[in-house]
Amino acid sequence: DRTPGWVLAAGVGFSLLCFGIGRMQVCRRFDAEQAAREIRAGRDQLQSMNDSLERRVEERTCELTSANERLRQEVAARERAEEELRGALAVEKELRELKGRFVSMVSHEFRTPLGNIQSSAELLAAYFDRLPAERRERLLVNIVDSTRDMAQIMEGVLLLSRVEAAGYRCQPERFDLAELC
């Protein structure tokens with residue numbers, strides 16, 4: 001073997017260089033494959049997380065849609081209740097007005113007989129001795145008739161009160177007037 005040492009050294013160096021370069025390429029290939037695997041794993045993990053988030057968004061959307069529908073139904077029910085209250089209030093207002101007119105009418109109806117009774121009684125008290133018997137008789141009849149009128153008015157008021165307390169309702173029906181007559 002008469003190969004000069006420097007050739008041998010150069011060959012060994014060259015071999016080591018080639019081995020190193022090959023090793024670097026293997027490492028690079030290994031690193032590239034490792035990076036590709038990590039990228040695929042990251043992508044798979046992201047896809048899984050994305051799928052999970054989409055399911056959660058879909059579930060939450062269904063929950064919100066359901067809650068929204070319940071709220072719409074509640075609003076509709078409240079609007080119906082509000083409308084019913086308005087109707088009841090209108091009926092109550094009309095009843096109050098009717099009662100006011102009724103009280104006014106009844107008080108007027110009571111005043112007339114009371115006025116007749118009072119004036120007849122005053123005339124009798126003041127002029128009893130000076131009034132002819134016929135006139136005294138008319139004043140006493142006037143008092144009796146007026147008290148009878150007041151009693152009838154009172155009976156009517158009491159009857160209305162009993163009807164109202166019993167909760168009777170007016171239920172009009174059609175009938176043949178000619179047959180009734």
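**Helices, salt bridges and a charged surface patch in a predicted model**

Residue E59 is located in helix α1, which covers residues 5–127. The structure described here is a predicted model. Its secondary structure consists of 3 helices and 0 strands, and the order of elements from the N terminus is α-α-α. Of the 181 residues in the protein, 7% are buried.

E59 also belongs to a negative surface patch, in which D51, E54 and E58 are the other members. The relative accessible area of E59 is 48%. This residue is therefore classed as partly exposed, because the value falls between the 20% limit for buried residues and the 50% limit for exposed ones.

Salt bridges were examined next. The whole structure contains 6 of them. In general, side chains of opposite charge can pair when their charged atoms come close. One such contact joins the side chains of R60 and E63, with an N to O distance of 3.0 Å. Both residues lie in helix α1 and are 3 residues apart, so that about one helical turn separates them. An α-helix has 3.6 residues a turn, and residues three or four places apart therefore point the same way. R60 is partly exposed at 46% relative accessibility, and E63 is likewise partly exposed at 45%.

A further salt bridge in helix α1 is formed by the side chains of R72 and E69, at 3.2 Å from N to O. Here too the spacing is 3 residues, about one turn of the helix. E69 has a relative accessible area of 35% and is partly exposed. Elsewhere, E82, E83 and R86 are linked in a network of salt bridges.

Helix α2 comprises residues 133–166, a run of 34 residues. The distance from its first C-alpha to its last is 49 Å, close to the 50 Å expected at 1.5 Å a residue. Within α2, the buried residues include L139, I143, S146, M150 and I153. Partly exposed positions are found in α2 as well: D145 has a relative accessibility of 34%, and R148 has one of 47%. The side chains of R148 and D145 meet in a salt bridge of 3.2 Å, N to O. These two residues of α2 stand 3 residues apart, about one turn of the helix. Just after α2, G167 adopts a positive phi of about 80°.

A pair of residues from the two helices was also considered. T112 is part of helix α1, whereas S146 is among the buried residues of α2. Although T112 and S146 are 34 residues apart along the chain, their C-alpha atoms are separated by 8.3 Å. T112 is partly exposed, with a relative accessible area of 42%, in contrast to the buried S146.

How values were computed:
Residues are numbered from 1 along each chain as its sequence is written. This is a predicted model: local features need pLDDT of at least 70, side-chain atom pairs count only at pLDDT 80 or more; totals for chains, interfaces and linings use all residues. Side-chain values use heavy atoms; hydrogens and water are left out. Patches are made of residues with over 30% relative accessible area and no salt bridge: like charges are joined within 9 Å, nonpolar side chains (Val, Leu, Ile, Met, Phe, Trp, Tyr) within 5 Å. Accessible areas come from the Shrake-Rupley method with a 1.4 Å probe; for residues, only the protein chains shown count as cover. A salt bridge is a side-chain nitrogen of Lys or Arg within 4 Å of a carboxyl oxygen of Asp or Glu. Lys and Arg count as positive and Asp and Glu as negative; His and the chain ends are not counted. The place of a charge is taken as NZ of Lys, CZ of Arg, CG of Asp or CD of Glu. Helices (H or I, at least four residues) and strands (E, at least two) are DSSP runs, numbered from the N terminus. Buried means under 20% relative accessible area, exposed over 50%, partly exposed in between (1.4 Å probe, protein chains only). The expected span of a helix is 1.5 Å times one less than its number of residues.
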